[in-house]
Amino acid sequence: RTQTNNNIYKARIVALEPSLQAAFVEYGRDKNGFLPFSEIHPEYFKQNLSHEIRQLVDQQQWKKLSITDVLERGQEVLAQVVKEEVGKKGANMTTFLSIPGRCVVLMPGSDSAGISRKISGEQRRGQLRDIMKSIEMPEGIGWIVRTASVDINEEALTRDVNYLLKLWTDIKRRGQELNGVGLVYEDQDSVLRFLREHFDPDIEEILVDDRETMEQVRTFIELLPTEQQKVRVRLHQGARPIFNKYSVEDQLESIYQRQVNLPSGGSIVIDPTEALVAIDVNSGSTSKGKNFEASIFHANMEAAKELARQLRLRDLGGLIVVDFIDMRSRKNIQAVEKQLRMAMKKDKAKVDFSRISKFGLMQISRQKLGSPIEASNYQQCEHCRGRGSVRSVETLSLYYLRRIQTGASRKPVERIECHLPLEVASYLLNNKRSEMLDMEKK
C-alpha cells in the first residue's frame, strides 16, 4: 500500500461545510480530502471580501468567521496530506506545507523559525540559529532545524536548505503547469524516507539485499557530515532471504499478536477498539517470588518499556489506556510513570500522559501518524467479522431451523433447499430429525 503522508497535491475545493468549519477537496484519489478551516492559509481567501470580513481576517478573529465567508467552491489550492485515509475517513490535509529534509524542515508560506526541542544546550542552539540566519532565505519561508542536526556542520546544513529551496521551486512550477488536480510532490521512496527519519549516528552497519538500493543508501551516507560517515554499507549475499536469516520475519509477526511476553515471565495484552487502545499488564510467573510488591513493580517497569516500543512498532494512536498491576508504594508508582516517559522519548509522534489513577490506569494520548499497521496487512475475517468468535453449532442450527420454518410457512412451497456449514447440516440431520419430519408432513 503506497503511503500518501507528506505528499503535496494540487487540489480543488468541492464542498464547504460551515457546520464542520471545513472544506472537502478533490485531489486525484478515490476519497475526497478533509481540510479544516484552521489549516487553510489566508493567501487562499477570496479577493473581494467585504470590509467587515476583511477586518476580522486582519485581526485574525477566526472564530467569528464562517468558512463560506472567505472561500468558494471550485478554488484550487496546494494541499499536503497530514494523516492518511483510515477506513471510511478521507485523508486530513493542510495548506501550511512543510518539506522535510535530513537536517531542516522548510515551511513555505510561514514566518516561523525554530529549533527542535530535543536539541539541548543554549550554546549549540545559538550556533544553529546563527548558521540559519547566515543562509539566504527567500521572503515568507519558515524553517525548523531537526533533531538530526545536533552535531551537523554549516556546510551540510546549507546544502540541505539549498536542496529544499530548489525542490520548493519545482513544486510551485509543477502546480502551475498541471491541468486539473493531482500529485505535484511525492515524499521520497521508502528506503530514503526511512533513512531520513530514523538514521542514527550510533548505527554501525546497514545491510542491503539489492544493488540499486545499496547505491541509494551510499549516496545518502555521502551527504552526511564526515564524522557520521563511519557506517558500513554491505550487500547481503546468500541463498537465505535477508529477513529470514536475521529473524526479522518473526519480529514482524510478533507485532500482530495480541499478547507480548516480557523477559521475566509477565506479559502485556494489546486490544485496539473503536474508541481506544486497551493495554493490560499481567504479572504471570513474575509474582511467584517471595517479595510480592517488588516483583509486581518489576513487571510494571518491564511493561512500561515494552509498551512504548509496541506503540511505535504498531503505530497505534489516539487514546491509549494502560491497566498496570496495582502497586501500593507511591515511590514505585512514580518510578513506573518516569520509566514510561523515558521510553516514549524516542517516539516521533506527539505524546501526552496522565498520572496513574487510583484504579491503576494510565491514559496516554498519541498522535496518529498513519493508519495502524494491521489495517494495511490484514483483512477482516469474513466469518466472525472481526469479533474473534463465531456462533456455536447449536445456536446456528436453531437459527437455520427457524429460517427453514419461515420458508415452509409460505404458500405454495414444493421443496426447500439449504446451503449450510457441514457441522450444522449434520447436527440438524442427527439431532433435529423429528422436527424436520414434522415440517415435511405439514
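Two strands pair if DSSP finds at least two bridges between them. Keep that in mind for the first two views, and remember throughout that this is a predicted model.

**View 1. Strands β11 and β12 pair side by side, with a helix in the unit they build.**
Strand β11 covers residues 205-208 and pairs with β12 in the parallel sense. Four bridges join these two strands, so the pair meets the requirement of at least two. To find your place, look for E205, which stands opposite R232 in β12. Now add helix α6, residues 211-222: together, β11, α6 and β12 make a β-α-β unit, and this unit is right-handed.
Which side chains of β12 point to the buried face? They are V233 and L235, while R232 and R234 point to the other face and are not buried. This is a nice example to learn from: in a regular strand the side chains alternate between the two faces of the sheet. Strand β12 itself spans residues 232-235.

**View 2. Four strands line up in an open sheet.**
Read across this sheet and you meet the strands in the order β6-β7-β9-β8. The pairing is mixed. As background, strands of a sheet pair through backbone hydrogen bonds, either parallel or antiparallel.
Which strands lie at the edges? They are β6 (99-100) and β8 (113-115), each of which pairs on one side only. At one of these edges, β6 and strand β7 (residues 104-108) run antiparallel and are joined by two bridges. You can spot this link at P100, whose bridge partner in β7 is V105.
Strand β9, residues 141-145, contains W143. Is W143 buried or exposed? W143 is buried, at a relative accessible area of 9%. From W143 to G114 there are 29 residues along the chain, yet their C-alpha atoms are separated by 6.5 Å.

**View 3. Aromatic rings gather around F45.**
The whole structure has seven aromatic pairs. One of them joins F45 and W62, with 6.1 Å between the ring centres and 75 degrees between the planes. Why is this pair called edge-to-face? Planes over 60 degrees apart count as edge-to-face, and the angle here is 75 degrees. As a general note, a pair of aromatic rings is described by the distance of the centres and the angle of the planes.
The F45 and W62 pair links distant parts of the chain, 17 residues apart. F45 lies in the loop between β3 (33-36) and α1 (51-58), and W62 lies in the loop between α1 and α2 (67-70). The two partners also differ in how much surface they show: F45 is buried at 5% relative accessible area, whereas W62 is partly exposed at 33%. Add F37, and ring pairs link F37, F45 and W62 into a cluster.

**View 4. Two residues with a positive phi.**
Most residues other than glycine have a negative phi. N6 has a phi near 75 degrees, which is positive. N6 sits in the segment before β1 (8-17) and is partly exposed, with 22% relative accessible area. Q60 also has a positive phi, near 55 degrees. Look for Q60 in the loop between α1 and α2, where Q60 is exposed at 55%.

**View 5. A charged end over a ring, and a polar contact.**
The charged end of R391 sits over the ring of Y399, at 4.9 Å from the ring centre. Elsewhere, the side chains of D315 and R366 are joined by a polar contact of 3.1 Å. D315 belongs to the loop between α9 (292-314) and β16 (318-323), and D315 is buried, with 18% relative accessible area. Strand β18, residues 361-366, holds I364, which is buried at 0%.

**View 6. Cysteines without a disulfide.**
How many disulfides does the structure hold? The count is zero. C384 has the sulfur of C381 as its nearest cysteine sulfur, 3.8 Å away. Why is C384 in no disulfide? A disulfide needs two cysteine sulfur atoms within 2.5 Å, and the nearest one to C384 is 3.8 Å away. C384 is buried at 13% relative accessibility, while C418 is partly exposed at 38%.

Definitions and conventions: Residues are numbered from 1 along each chain as its sequence is written. This is a predicted model: local features need pLDDT of at least 70, side-chain atom pairs count only at pLDDT 80 or more; totals for chains, interfaces and linings use all residues. Side-chain values use heavy atoms; hydrogens and water are left out. Rings of Phe, Tyr and Trp (its six-membered ring) pair if their centres lie within 6.5 Å; planes under 30 degrees apart count as stacked, over 60 as edge-to-face and the rest as tilted. Buried means under 20% relative accessible area, exposed over 50%, partly exposed in between (1.4 Å probe, protein chains only). A charge sits over a ring if NZ of Lys or CZ of Arg is within 6 Å of the ring centre and within 35 degrees of the ring normal. A crossover is right-handed if, with the strands pointing away from the viewer, the path from the first strand over the helix to the second runs clockwise. A polar contact is a pair of N or O atoms within 3.5 Å; within protein, one must be able to donate a hydrogen and the other to accept it, and residues adjacent in sequence count only if both atoms are side-chain atoms.
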